[in-house]
Every structure is written in C-alpha cells, then in structure tokens.
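User: I am new to this structure and would be grateful for a close look at a single part of the model, namely its sheet and what surrounds it. Please set the rest in relation to that part where this is helpful.

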Amino acid sequence: PRPTAARTALPMQGPTVAAVYVVVCVGFTVGLFVAYSLWALASESAAGKGRPRARRAEQLQAGKRREDRRSADVQARLQRAFHARRRLRVRVQGLMLTTALAVLVWGLIPAGLVAADLWPESLHSWVTAFCAFPVAFVFTLMSLRPTDTVCIRVVSGCWLVIALLLTGCFVALALGHPEDDPAETEWYFGAQALICSGRVLFEVHATVSSPPPRRRLLRLTGVVRGSMALGGLASLLYFPLRALYLEPAFASSKDFVPSLAIGMVEIVCAVLLHPRLRGVALAALSRIGSTPEEREAAVVASLCSLGRLTRSELLPLAEANFRAIRFDRLKREDLASALGSEGGGGLAARTQPCSLGACDAFLSHSWHDPEAPKWAALCSWARRFEAEEGRPPTLWLDRACIDQSRIADSLPCLPVFVAGGETPLVLAGPAG
C-alpha cells in the first residue's frame, strides 16, 4: 500500500507545483505594479503641490528689486525642473525597475526549486525560466542614467555577485561531469565559466580604478553586452552540435529547444543594449505622457545633479560663483582657440562678481571657430546694446567666468549660470 500511495501522489506533484508557481508569480507581479502605480500617483501629487509653492515664491518677490526677482525666478525654475525630473524618473526608470524585478522573480523561483531538487520532472524544462535573467538585467541597465552614481555602484555590485556565483556553478558543472559523458559538457560549461570570470575581472578592475559614473556605466553596459553575446553564441553553437553529433538523443529531449531559446534571448538582449537602440528606447519612453518643456527641464535638473548637490545647496553656490566681464575689457584674441587653459591676458582677473540677472548676456560659442568672425559679430551686437542702454554690456564667458582649475565643480551650476544671463547670445559658426 505504501509504494502504491507514492505512485499515485507523483502525477499530482507537477501540476500542483506549477499552479503554486503561477499563483505566486502573478500575485507578486500584480502587487508590484500596484505599488508602482501608487508611487507614481504620489509623485504626481507632490509635483502638483510644488507648482503653487513656486508661483507663491515668485509673487512674494515681485515687489523687490530686479536682481532679487531674477534670483527668485531662477529658484522657481530650478524647483520646477527638479519636479519634472522626478516625474520622468518615476515614469521611465521606475517602470523599468519594476518590470525587471517582476521578470527576475519569474526566473528565480524555478532556479530555487531546481537547486532544492523540488522541480518535478513532469513539468516543462526549467531551463526556460533562465531566459528571465538576461531580460531583467537589460531592463535594469536601461533604467540607469550617467548621473545615478549610487545606482550604478549597486548594479555593478550585484553584477559582480551574480558573476561570481555563475562562475562557481559553471566550474562545478565542468569538473563534476562523468568521464564517459558523450555530450562533452565540460567544454560548454568551461567556456561559460571563462566568460563569467571575465565579468568578475572587469568588476574588480572597475572597483579598484573607480572611474567616473558615466564611464563606469558605459563599461558595464559594454561588458554585459559582450558576455551575453558570447554566452548566447556558445549556446547556439554547442547545443545543435550536441544534438547532431555528440548525443543525437538530445534532439528529442525537452531541454533542447529551451537551451536554444536561452542563447537566442542572450543575443537579442545584447543587441538591445546597443547605445543607439538604448537611446531610442529611452527617448520613446520619456515621450509618453510628458511635454517637451518637461523633458528639457528634466535635462537641466540632471545637469544640476552632477555634483550631487541639493537644490537648496546649488543656488547659493551658483550665486557666490557667478561672474561677468564687461565687453570693453575683452579683446579679439580672448576668443581664440589657441589660448592656454587659463586664458590669455589674465581673463579671470578682468571679471567681476555679478548678481543673477545683472549679467546682460550669456555668451555661447565654439572655441573651434575662428575668432575674427566671432569678434565681428560680438562687436556688432555690443554697439547696438550700448546705443540703446548707454553703457557697454556685461557678458558671461566660460573661459573667463569659470575657475579653470575647478571646472568639474562648476558644471552643476551651469544651468543656473545660463538662467543668470538676461539673454542668451549665440555666436554660431561652422563648428556649430
């Protein structure tokens, strides 16, 4: 009776495990997206409350002098830009991370059941579930921005842990195969272990060298693309060879098609992580439910976040470092591209501290253009300005008004400097 009971219980094991697996994953996915929706609604609500506060700040400053009104206007614009950036982050990056986590759970549960030897043989191949891992990592990488310093480090650390675990698993599989194995699986697992060890070496090198976030993200994306492409290529080469020559019975196995599917998914994911395709996908997602003004404001807020400063810290820093130079103190050679990093003729010494809004023009040009036509165009504009205002204009010029020994520290303030000029003045030339 006891063996008979065991035999009758086995056929129910597969459907039961499958039902529990589907119910748990569907429930988790639904709960995850409900939580994301509530988070997005809360973010929209917070942004809506911030707009009236910005308008009230503008109204309170309306009666003050011109420089104070300009400072209040810059602060209100920065506040709107940070709110727009937050909304886009929730809408795009939050959605991608939520999707990545949901997909990862669909793959982790079968992996855990297989590791615990609980996956029923009567179910479809568990190998299919491993297609979720490259897909989840693609969504995670697409959610990152070059300014997300902490997130890039966290994802890099997770990638290092995953690479170490996979390297150990593949080495154990390569060393633990039977000596009379006709499939020669040690070569396949050895190749995969070699690919994973390359990932480990990259992450160790990135941790030791500590490159800037943008460069680290580019390297991480490149290594993920390369490892996925090599791993997928190894699967697409080995498994057909195994089915045709090494072990013909494998062609009728339930693991054959899923094994090929993993290789194909890795190849597709490597293609999707191409910088151009990644940029197109992110731009398309950013356009959903947002206006061009919101996207431009989000870019401004991202530039302001390069120095990891809060909005309350950024504006006083920009005000303290905002400078301008009078046009009558400029020379034609000051616009030449051959000057040293500190400028010619003591450019910085000819500048003066300036309040936001008190600078007449934010000068934008290319140092690769010849100085003669730029100087002629600038003189023409300055003569018209002096005829109307009765004084020479004040200008913001990057080489003169930014501390050339601390350029990186001034980059987060650049959007505030742009807003601090009364008007943008562009000297367009062949270099753009």
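Analyst: A suitable point of entry is a single pairing: A361 has L395, in β4, as its bridge partner. The model in which this pairing is found is a predicted one. Strands β3 and β4 run parallel and are joined by two bridges. Between these two strands the chain passes through α11, and the resulting β-α-β crossover is right-handed.

The other neighbour of β3 is β5. These two strands are also parallel, and six bridges join them. Within β5, L427 stands opposite H365. As for its surroundings, β3 is mostly covered, with six of its seven residues buried.

The whole sheet can now be described. It is open and consists of five strands in the order β2-β1-β4-β3-β5, with mixed pairing. Its edges are formed by β2 (352-353) and β5, each of which pairs on one side only. An antiparallel pairing is found between β1 and β2, which are joined by two bridges. There, R323 has P353 in β2 as its bridge partner. In a regular strand, side chains alternate between the two faces of the sheet.

The strands also contribute to a nonpolar core. The largest such core has 34 residues, and those touching the most other members are L330, L378, W381, L395 and W396. L395 has thus appeared in two roles: as the bridge partner of A361, and as one of these well-connected core residues. At least two residues of the core come from each of α10 (311-321), β1 (323-326), β3 (359-365), α11 (371-389), β4 (394-396), α12 (398-401), α14 (414-420) and β5 (421-427). Helix α11 supplies the largest share, six residues. In soluble globular proteins, nonpolar side chains tend to be buried together.

Two residues show how this core is connected. Leaving out residues up to four places away in sequence, L378 touches F327, L330, L335, L363, L395, L425 and L427. L427, the residue that stands opposite H365, is therefore also in contact with L378, where contact means heavy atoms within 4.5 Å. The second residue is A382, which is found in helix α11. A382 counts as buried because its relative accessibility is 2%, under the 20% limit. With residues up to four places away in sequence set aside, A382 touches F327 and P393. A382 and F327 are 55 residues apart along the chain, yet their C-alpha atoms are separated by 7.4 Å. F327 is thus touched by L378 and by A382.

One further feature involves a charge and a ring: the charged end of R399 sits over the ring of W367, 3.6 Å from its centre.

Other parts of the model may be set beside this one. Apart from the largest core lies another, of 20 residues, which includes M96, F137, I152 and V155. F137 is also one of the buried residues of helix α3, together with A132, P134, A136, V138, T140, L141 and M142. Since eight of the eleven residues of α3 (residues 132-142) are buried, this helix is largely enclosed by the rest of the structure.

I152, named above as a member of that second core, is also in contact with R216. R216 lies in helix α6 and is buried, with a relative accessible area of 11%. Beyond its neighbours within four places in sequence, R216 is in contact with I152, R153, S156, E203, A206, T207 and P211.

Helix α6 leads in turn to the aromatic residues. The structure holds 14 aromatic pairs. One of them, F239 with F250, is stacked, at 5.9 Å centre to centre and 25 degrees between the planes. F239 belongs to helix α6 (residues 213-246), whereas F250 lies in the loop between α6 and α7 (256-272), eleven residues apart. Both rings belong to buried residues: F239 has a relative accessibility of 8%, and F250 has one of 6%. R242 lies over the face of F250, at 4.0 Å from the ring centre. F239 and F250 are also members of a cluster linked by ring pairs, together with F170, Y188, F189, Y238 and F256.

Technical notes: Residues are numbered from 1 along each chain as its sequence is written. This is a predicted model: local features need pLDDT of at least 70, side-chain atom pairs count only at pLDDT 80 or more; totals for chains, interfaces and linings use all residues. Side-chain values use heavy atoms; hydrogens and water are left out. Rings of Phe, Tyr and Trp (its six-membered ring) pair if their centres lie within 6.5 Å; planes under 30 degrees apart count as stacked, over 60 as edge-to-face and the rest as tilted. Helices (H or I, at least four residues) and strands (E, at least two) are DSSP runs, numbered from the N terminus. Buried means under 20% relative accessible area, exposed over 50%, partly exposed in between (1.4 Å probe, protein chains only). A charge sits over a ring if NZ of Lys or CZ of Arg is within 6 Å of the ring centre and within 35 degrees of the ring normal. A nonpolar core is a set of buried Ala, Val, Leu, Ile, Met, Phe, Trp, Tyr and Cys residues joined through side-chain atoms within 4.5 Å. Two strands pair if DSSP finds at least two bridges between them. A crossover is right-handed if, with the strands pointing away from the viewer, the path from the first strand over the helix to the second runs clockwise.
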